[in-house]
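Colleague: Got a minute to go through this one with me? I'd like to start with how the chains meet and then look at a few residues.
Modeller: Sure, let me pull it up.

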Amino acid sequence: MCPLDALNEEYEKKDNPIREEQKRTILIYRRESGVLFLDYGGRKVEVHIKQCFPWSHPGKYLSLRDLDDNEVCLIEDMQDLDPISIEILSKELEYSQFVLNVLSISSIEEDVELRRYLVMTPQGQRLFQTKLEDWPEILEDGTILIEDLAGDLFKIDNWKQLDKRSREELAPYVS
Amino acid sequence: MNNLEHTKKFIKRYLGQEDKLPQEITQKLREVSSESIYLYGLSDLNDDLIFSENWLVLTRKEVFLFSREEQGYELLNHFSLSQIKEVREVHSLSCSTLTFIEAHDLLPLAIVRYTHRQKIIMGHIRYVCENHEKEIKSSSLSWNADEQYQQSVLKPIVDAQNSVTSENSSTLWRLLTYLLPYKKELIIGSLGAVSTTLVSLAPAYISGRLIDKVIKPFKDGSLSFEEASSIGWIMVAALGTTYLLREFFIYVRLNKMSILGEKVARDLREELYSHLQTLSMDFFSKKQTGSIISRVSSDTDRIWDFVAFGVVEVGIAIITLVGLSSVLIALDWKLGLVMAIPVPLLLYSIYAHGEKMKKLFLKAWRKWSNVTAVLSDTIPGIQVVKAFNQEKREEKRFNRRNQEVTEEFNNIHQEWTKFWPLLMLGFQGILLSVWIFAVPRLITPESDANSLTAGTFVSFLLYMTMFSAPIEILGQVARMLNRALSSAYRIFEILDTNPTINEVSDPVKLKNLKGDVEFKNVFFSYDGVRPVLRDLNFKVKAGEMIGLVGSSGGGKSTITKLISRFYDTNAGTILIDGVDLKEIEIGSFRRQVGMVLQEPYLFHGSIFENISYAVPGATLDDVIEAAKVANAHNFVGKLSHGYDTVIGERGHTLSGGERQRISIARAVLSDPKILILDEATSAVDTETERKIQDALDKLIVGRTVFAVAHRLSTLRKADRIFVVGKGNLVEEGTHRELLANPDGEYSKLHRMQIEMSEQFAL
């Protein structure tokens with residue numbers, strides 16, 4: 001069940017007006033087809049989840065959006081939800097939060113206009129490229145994010161805990 | 001190596017994934033389906049978000065999902081395209097999911113997950129699955145499934161790198177072939193370089209001989225004063241001559257090679273620019289302007305640098321080192337080896353230092369980019385900084401980054417200031433070794449076979465001073481070569497791009513176009529998959545004005561681009577005066593097509609030159625007449641330099657309306673039979689719009705006109721209006737006819753615009 005005040009008022013007023021008495025329950029559930037739905041006041045909307053702060057507050061401010069990407073509901077803290085909704089959303093977050101964690105770096109080489117990284121992730125080995133002018137992004141907590149040309153994100157939680165070779169390869173780009 | 005092999009190689013090199021659908025899957029598919037493969041993509045993540053190799057394969061009727069298992073590929077699932085009611089595509093940070101849904105109360109037909117690398121091809125698959133009835137049955141677009149897969153996975157790399165690079169050796173060889181037309185200069189320049197090196201070896205040798213054969217015998221009394229003077233002066237003259245010759249040969253080398261380099265750069269620029277003119281619009285829409293400009297300018301400049309100095313410097317360095325080593329060993333093999341043996345070590349130390357410096361520079365550049373990021377953030381946004389009183393905060397941010405970059409540059413200075421004295425110390429060490437080996441032999445009586453003459457030793461000392469420069473050059477050859485090859489790749493990528501708009505071998509020359517235009521079953525897609533125009537049919541008679549209206553992305557502008565033949569249709573035919581547009585000579589056709597665009601482009605030059613751009617021989621009267629028709633003459637007359645006013649970049653600034661009227665005058669003067677007006681009045685105020693509209697009203701007379709417009713009021717003179725939506729004509733008719741259908745798209749648009757203007761009036 002979702003807190004009533006999480007509903008996006010603009011969304012309600014503009015596109016889906018519902019009566020006050022219909023707002024008693026707001027449920028998040030998954031249909032047999034695997035698609036996530038939000039039921040509010042008997043009105044069912046297919047939704048997907050977007051995190052407002054995927055790095056700084058991953059479990060907070062979850063925006064549930066309809067097929068046109070309009071926000072239907074903003075959940076301030078997932079922990080405020082009922083256990084079933086938490087379970088459903090947690091599973092959904094696994095996919096939406098998924099990034100490739102870098103365990104080690106075999107090489108970083110420069111190519112024509114590109115920088116090529118060969119890294120090991122829990123998913124397996126990955127070869128990827130960035131533009132030469134694109135540097136790894138260092139977040140406030142020291143987490144390093146590298147976005148490759150296709151848009152996949154590679155994350156290094158603490159680069160100083162990587163093995164010696166990885167640190168040597170990475171140092172010019174992050175230290 | 002052909003393109004296909006290149007593509008396969010690059011997929012492996014950059015992506016490390018299969019370059020096409022594995023053969024085993026193709027064979028297994030044949031066992032269960034007689035249909036050919038329509039599209040396929042790789043699902044590289046499984047449900048546990050671990051890298052996997054699942055292949056989603058589409059035929060014209062079914063979808064198959066194969067998975068790689070230990071024993072080979074297995075068919076996991078298959079279903080008919082007609083079962084698919086919806087396909088959900090959800091993108092998240094690094095994982096996207098396609099869910100194939102038959103009904104929400106049934107389990108999904110399939111769920112596939114993949115990284116963003118596979119997103120483009122999976123998007124195509126989704127599109128085809130959702131539109132299979134229209135897309136596959138119509139067979140409007142045909143493609144090769146392998147090419148679709150390969151192009152989509154390589155696209156981010158091709159876009160970023162601007163090429164998929166070929167072999168270094170072949171690129172270098174190709175670059176050197178540009179020297180072939182200038183064999184004479186190349187031979188003279190190279191001879192100059194070789195001669196410089198050889199002549200440079202002579203002074204040290206002569207100096208040694210002067211000591212051994214003149215000074216020492218004279219001191220010993222074995223040579224008379226007259227003889228010593230005579231030989232001595234000859235040797236001094238020989239020394240002088242070698243210095244003169246050396247400088248002459250340096251002049252020959254520098255002069256010939258720098259001019260040769262310029263010629264090669266000029267040839268590359270000419271070839272590049274000329275080739276650019278032949279390329280189709282799709283090339284320019286894919287490439288950034290800055291990237292193309294830098295290839296014509298800075299990349300060719302780097303090539304000049306490489307040809308003029310790089311090739312020769314490296315050649316000289318190698319010749320010098322080999323020559324020096326040979327001469328030294330010939331003079332005295334023991335001392336020669338003392339000198340030559342440490343050379344590889346020195347070369348390596350310079351190389352290692354270069355690598356270390358590269359990393360340090362990398363850090364410094366990164367931090368430098370942080371500094372410039374603050375500048376490019378705050379300078380354009382200085383008003384916001386001041387408005388919110390954040391000057392101090394920005395100052396702190398800048399100072400912090402400035403300090404960081406200073407520290408990095410200090411590290412660089414620490415490194416090189418340590419290295420070069422150490423390297424020199426290494427040289428001194430070699431020198432000292434030579435002394436250590438030489439001194440006992442110098443004081444050994446000459447009768448002893450192991451003795452060393454003072455002259456030979458002096459020659460040695462002088463030769464040693466010539467050792468450091470070539471070692472330094474060779475230590476940096478990799479960096480120099482990489483820079484040149486990188487530029488060569490970028491240049492050759494453009495030269496290797498073929499224009500997509502090609503003329504047939506014996507094209508029809510339409511000298512006097514009437515202006516009939518017909519679209520017959522036209523299909524067009526920019527990406528080869530999602531059609532922008534679908535089975536479009538219409539006929540326009542010469543002299544008709546057609547208004548093109550409809551929502552954005554509906555295909556209005558695409559119609560005008562196809563008429564101008566900026567792109568070719570994927571299927572169907574466009575007929576101009578009854579002749580297939582693809583059969584018509586492009587030049588003769590385009591001369592009779594005019595355009596007035598929303599953002600008129602004016603070149604740097606005078607107003608006169610801009611108006612007469614399409615008709616270079618136009619007279620003053622012609623230009624003034626065209627300007628009058630375009631309502632431009634009056635404002636041009638107000639400018640102090642009149643038609644000679646220089647406009648465009650760095651020139652006089654004109655308002656949007658004035659620029660538009662100059663572009664209309666340009667169109668008037670070119671007297672096109674087919675005229676395209678693309679939102680020509682949308683970027684100006686009402687008063688200017690009136691003036692432009694008035695000019696356009698005069699311009700359209702007697703021509704076939706296609707006018708794209710959002711404001712319906714600008715189409716009041718249109719003979720017919722085409723309402724374009726989702727790639728086809730939704731409605732067609734005159735203004736009155738279309739308004740007669742109150743539920744029609746045109747009526748809706750009309751009502752909306754009236755309501756808006758009423759609200760504005762209130």
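Colleague: How many residue pairs are in polar contact across the interface of chain A and chain B?
Modeller: There are 24 such pairs, with both residues at pLDDT 80 or more. Keep in mind that this is a predicted model.

Colleague: And which parts of chain A supply the side that touches chain B?
Modeller: Helix 2 (83-96), strand 8 (104-111), strand 9 (114-121), strand 10 (124-131) and helix 3 (164-174) of chain A each put in at least two residues. Strand 10 of chain A gives the most, with seven residues.

Colleague: What's the mix of residue classes on that side of chain A?
Modeller: You get 23 nonpolar, twelve polar and 14 charged residues.

Colleague: How many salt bridges are there between chain A and chain B?
Modeller: The count is two. In a salt bridge between Arg126(A) and Asp44(B), the side chains meet at 3.5 Å, N to O.

Colleague: OK, what area is buried between the two chains?
Modeller: About 3900 Å² between chain A and chain B, and carbon and sulfur atoms give 58% of that. On the chain A side, Tyr95(A), Val112(A) and Trp135(A) supply 17% of the area that chain A buries against chain B, more than any other three residues. In terms of contacts, 49 residues of chain A touch 46 residues of chain B.

Colleague: Switching to chain B on its own. Is Leu58(B) buried or exposed?
Modeller: Leu58(B) is buried, at a relative accessible area of 0%. Leu58(B) sits in strand 2 (residues 51-59) of chain B.

Colleague: What is Leu58(B) in contact with, leaving aside neighbours within four places in sequence?
Modeller: Its contacts are Ser36(B), Ile37(B), Tyr38(B), Leu39(B), Val63(B), Ile125(B), Val128(B) and Cys129(B). Val128(B) is 70 residues away from Leu58(B) along the chain, with 9.0 Å between their C-alpha atoms.

Colleague: Now helix 2 of chain B. Which of its residues are buried?
Modeller: In helix 2 (residues 23-32) of chain B, the buried ones are Ile25(B), Thr26(B) and Leu29(B). They are on the same side of helix 2 of chain B because they cover an arc of only 100 degrees around the axis.

Colleague: Why would residues three or four places apart point the same way?
Modeller: An α-helix has 3.6 residues a turn, so residues with that spacing point the same way.

Colleague: Which residues are exposed on the other side of helix 2 of chain B?
Modeller: Arg30(B) and Glu31(B) are exposed there. The buried residues of helix 2 of chain B, for their part, pack against strand 1 (37-45), strand 2, strand 3 (62-69) and strand 4 (72-80) of chain B.

Technical notes: Residues are numbered from 1 along each chain as its sequence is written. Chains are lettered from A and ligands numbered from 1 in the order in which they are written. Side-chain values use heavy atoms; hydrogens and water are left out. Contact means heavy atoms within 4.5 Å. Buried area is the accessible area (1.4 Å probe) that two parts lose on being put together, summed over both. A salt bridge is a side-chain nitrogen of Lys or Arg within 4 Å of a carboxyl oxygen of Asp or Glu. A polar contact is a pair of N or O atoms within 3.5 Å; within protein, one must be able to donate a hydrogen and the other to accept it, and residues adjacent in sequence count only if both atoms are side-chain atoms. Helices (H or I, at least four residues) and strands (E, at least two) are DSSP runs, numbered from the N terminus. Ala, Val, Leu, Ile, Met, Phe, Trp, Tyr, Cys and Pro count as nonpolar, Asp, Glu, Lys and Arg as charged, and the others, Gly among them, as polar. Buried means under 20% relative accessible area, exposed over 50%, partly exposed in between (1.4 Å probe, protein chains only). The arc is that of the directions from the helix axis to the C-beta atoms.
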